[in-house]
Each structure stands twice: as structure tokens, then as C-alpha cells.
Amino acid sequence: MKPLAALPAEEARKLRGLLFDLDDTVLSHGVLTRAAYDALWDLKGAGLVLVAVTGRPSGWGEVIARQWPIDAAITENGAVLVHREGMAIARVEACDATERRSRRIRLAQLVETVREIVPEARLTDDVDARVSDITWDIGERVRLPDERIELIAEAIRAARARTTRSSVHIHATFDADDKATGTMRYLVSRGEDAGAARSRFAFVGDSPNDAACFAAFTTTFGVANIERHVERITVAPRYITPSTMGAGFAEIARALLELRATSAVASRE
Ligand SMILES: [Mg+2]
């Protein structure tokens, strides 16, 4: 990973938008700081497309897509897209209602299995706002030891479900999407070319469930706290910020806006 300061102006200048994880990336220990929120407004003011790409529930996506200066939220690790349609909010899923019901029944059975194997594991407090997955708390209200987390992961895989981990949750889902496929489907639905979008949209994240986007996009950033997870990340981001979480996100916003301004001036001369 190179320092953020090594980002060339040309690379910043060709971006049409910024895609970003929420927990421990824009949010600092779950809180939206003033610096991070200002950074979002500054990026929006500069005309960049802004898309949250999160493992958080689609119910959260519906709130932030209404209230934040963003174009859409890709939620539940890519499975559910939430975006504005005028004053309304649209929710888009890759599977139909019958299949969704069947998957939810299987997830409920998995919850019972995990309860027997790891009785101390707790579902996350945002689980009721989820559509496509089930999540256990591993680092938000409680910190579960790695070997107990691995037992949950084994139970998920034994049920033929997929599992991913963020800094705070472990997920189980029968959906096939990851953050990258869900994001790319949204960008293509906006009329972006799937090939060109890889270098026209940058991604910021901090943890193993961001690896799909670190691999899918050309310009990728990790906030400094990514160092904590670097051994478990299959693909690392290209640049790393000096500061952690929301402060690191604000540094990226500042760098992008400054580089885009300077290169625009240079190109006019
Ligand atoms: Mg995160």
C-alpha cells in the first residue's frame, strides 16, 4: 500500500465518483463525525457520484439514501440496492419474493444451529432491518474470540450458506452477491460502462469484506485502521491514509478535491 500522498493528480481527475464502506471507514466507532459528514458534502459539491457500499441492513440504506448527500446505498454486502427516485426510495433485489421467503426460512434454521454450537453468540442489534442476511455481533457490543467466530463460520458453510466478516459482524447469506457485484450492477443500471467504471469510480474501505471492491476497482483506498486486518485481506487497497476511520475518509476527500482542482488549472494553462 502506498501513502495517500502518492496518488497522482491524473488518477484523481478522471474519477466520476467515490464508493465507500460505512463502519470504521466513514463512521468512526459507529459515529458519523462532523469531519466525515462535511467531506461527503464537499465531494457532492464537487459533482462526484457518491455511493455507500456496506454490510449494514437495507433498512439503514433507506434512511441514509433519504438523508445523506449520496446517490445510492448498496447494502447487505451487495444484495440490496437502495436509491432515490424523486422523493421516493426504491429497493432493488436480485431475487424474487418466493425465493426470498425460502432463503429467510433457511437463515432462521441456521440461527437455531448456531445457538446450539456457540450459545454466547448474539445476533446484531440491526438484524430486524435486514432482508437477505443474518448477522452475529463479533466486535460491536461484544468481542467474540477468533476460535468462536470460526465455529460460527463453519456452521454457516455446513448449511451451504456464504459468510463474510466485517470489523464488527459475521454475516450468513444465501445470496450470491458481494460488494463488488452489487456495486457494479448499480453502476451499469446508471448507464456506466462496466469496464470503464472500474477506473472511473474509486473505493474506500477498511476490512476483509471490502476485498472484492479492492480487487474490482483501480483506485482503492484503505483508511489507516485497515492495518489491523491486513493479514486476513485477500486483496489490499493501493493507497492508505495517515489517519483512521472518518478522519482518514476526510483526508481522501481533501486529497481528491485538491488534486482535481490543481490538475484542472494545469490543464487550462
Ligand atoms: Mg468497514
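**Exercise 1. Locate the largest pocket and describe its lining.**

The largest pocket has a volume of about 340 Å³. A pocket here is an open set of points on a 1 Å grid over the protein atoms alone, where a 1.4 Å probe fits, with protein on both sides within 12 Å along at least five of seven lines. Lining residues have an atom within 4 Å of a point. The volume is the space filled by probe spheres set on the points.

The model is predicted: local features need pLDDT of at least 70, side-chain atom pairs pLDDT 80 or more, while totals for chains, interfaces and linings use all residues. Residues are numbered from 1 along each chain, and side-chain values use heavy atoms, without hydrogens or water.

Step 1. Of the 19 lining residues, D24, G139, R143, S167 and V168 are closest to the centre.

Step 2. Sort the lining: nine charged, six polar, four nonpolar.

Step 3. Why does the pocket lie between domain 1 and domain 2? Because domain 1 (2-94 + 177-268) and domain 2 (97-173) both give residues to the lining.

**Exercise 2. Trace the magnesium site.**

Step 1. List the donors (N, O and S atoms within 2.8 Å of the metal; 3.2 Å for Na, K and Ca). D21 (OD), D23 (O) and D206 (OD) coordinate the magnesium ion at 2.1 to 2.3 Å.

Step 2. Read the spacing: D-x1-D-x182-D. D21 and D206 are 185 residues apart. D21 sits in the loop between β2 (17-20) and α2 (34-45); D206 is in the loop between β10 (201-205) and α8 (211-216). Helices (H or I, at least four residues) and strands (E, at least two) are DSSP runs.

Step 3. Check burial (under 20% relative accessible area, 1.4 Å probe, protein chains only). Both D21 and D206 are buried.

Note on methods
Buried means under 20% relative accessible area, exposed over 50%, partly exposed in between (1.4 Å probe, protein chains only). Ala, Val, Leu, Ile, Met, Phe, Trp, Tyr, Cys and Pro count as nonpolar, Asp, Glu, Lys and Arg as charged, and the others, Gly among them, as polar. Domain bounds come from an automatic or database domain assignment.
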